[in-house]
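I opened this notebook to record what I looked up in one structure. The entries follow the order in which I worked.

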Amino acid sequence: MLLASDEDGSAPLAEILLMADAQDGTVLTRKEVEQGLEKLMSVGYVAIKKNKLQLTPAFLEAYQRIDGTENEAEALQQLLGSQELTPEGMDEPKILIKKYKLKNQYQAYLEQFGGEE
């Protein structure tokens with residue numbers, strides 16, 4: 001998401017998926033995207049703004065502390081892994097993701113850029 005985001009830290013789902021593919025050939029399934037967003041939203045690191053996914057100020061502040069470190073990818077994994085997930089915290093993100101119509105957006109991405117669900 002960081003690489004796909006514009007000045008305000010947001011990007012459409014298709015751009016995020018394209019960036020993941022361009023970086024290392026990662027092709028995320030809809031289920032992986034949905035679960036990842038649920039987790040990131042439940043800890044306050046991602047929000048939905050209009051029709052885009054946006055990195056929150058909380059994430060950007062936490063990321064600044066690890067940006068440019070020797071093993072940034074590992075530090076990012078540790079940062080994300082240190083966030084506590086609770087079943088109650090997942091309820092609202094699930095509702096918001098449904099309203100965002102993730103399934104439809106993912107399908108549109110597949111139709112435009114190819115691939116299978």
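**Entry 1. Burial and Y45.** Before reading any accessibility, I noted the cut-off: a residue is buried when its relative accessible area is under 20%. I also noted that the model is a predicted one. My first reading was Y45, whose relative accessibility is 6%, so Y45 counts as buried. For the chain as a whole, I found that 28% of the 117 residues count as buried.

**Entry 2. The chain as a whole.** I next looked up the secondary structure, which comes to six helices and three strands. Along the sequence, I read the pattern β-α-α-β-β-α-α-α-α. I then took the radius of gyration, 14 Å; the globule rule gives 13 Å for 117 residues, a close value, so the chain is as compact as a globular protein of that length. Along the principal axes, the C-alpha atoms fill a box of roughly 40 × 35 × 25 Å. I recorded an exposed area of about 7,700 Å², of which carbon and sulfur atoms supply 49%. Among contacts with a separation of 6 or more, I found that 59% are between residues 24 or more positions apart.

**Entry 3. The sheet.** In what order do the three strands stand in the open sheet? I read the order as β1-β3-β2, with antiparallel pairing. Strands β1 and β2 (46-49) are at the edges and have a single partner strand each, so one side of each has no neighbour in the sheet. Between β1 and β3 (residues 52-55), I found antiparallel pairing over two bridges.

**Entry 4. S10.** I followed strand β1 (residues 10-11) to S10, which lies in it. Opposite S10 stands Q54 of β3. Is S10 buried or exposed? Its relative accessibility is 2%, so I entered S10 as buried. The side chain of S10 makes a polar contact with the side chain of D8, at 2.6 Å. Setting aside neighbours within four places in sequence, I listed the contacts of S10 as A4, S5, K52, L53 and Q54.

**Entry 5. The aromatic rings.** I returned to Y45 by way of its ring. The count of aromatic pairs comes to four. One of them joins Y45 and F59 edge-to-face, with 5.3 Å from centre to centre and 65° between the planes. This pair links distant parts of the chain: Y45 lies in the loop between α2 (30-42) and β2, and F59 lies 14 residues away in helix α3 (residues 57-64). At 6% relative accessibility, F59 also counts as buried. How are the rings of F59 and Y63 arranged? Their centres are 5.7 Å apart and their planes stand at 20°, so I entered this pair as stacked. F59 and Y63 are about one helical turn apart, because four residues separate them in helix α3. I noted that Y63 is buried, as F59 is. Ring pairs thus link Y45, F59 and Y63 into a cluster.

**Entry 6. P93.** Last, I looked up P93, which is placed in helix α5 (residues 87-100). With a relative accessibility of 4%, P93 counts as buried. Which residues does P93 contact beyond its neighbours within four places in sequence? I listed E38, M41 and S42. I also took the C-alpha separation of P93 and G81, which is 18 Å for two residues twelve apart along the chain.

Conventions: Residues numbered from 1 in each chain as written. Predicted model: local features only at pLDDT ≥ 70, side-chain atom pairs only at ≥ 80, totals over all residues. Heavy atoms only, no water. Buried < 20%, exposed > 50% of the residue type's maximum accessible area, 1.4 Å probe, protein only. Polar contact = N/O pair within 3.5 Å; in protein donor to acceptor, adjacent residues only side chain to side chain. Contact = heavy atoms within 4.5 Å. Pairing = 2+ DSSP bridges. Rg over C-alpha atoms; globule rule 2.2 N^0.38 Å. Areas by Shrake-Rupley, 256 points an atom, 1.4 Å probe, with all protein chains shown as cover. Phe/Tyr/Trp six-rings, centres within 6.5 Å; stacked < 30°, edge-to-face > 60°.
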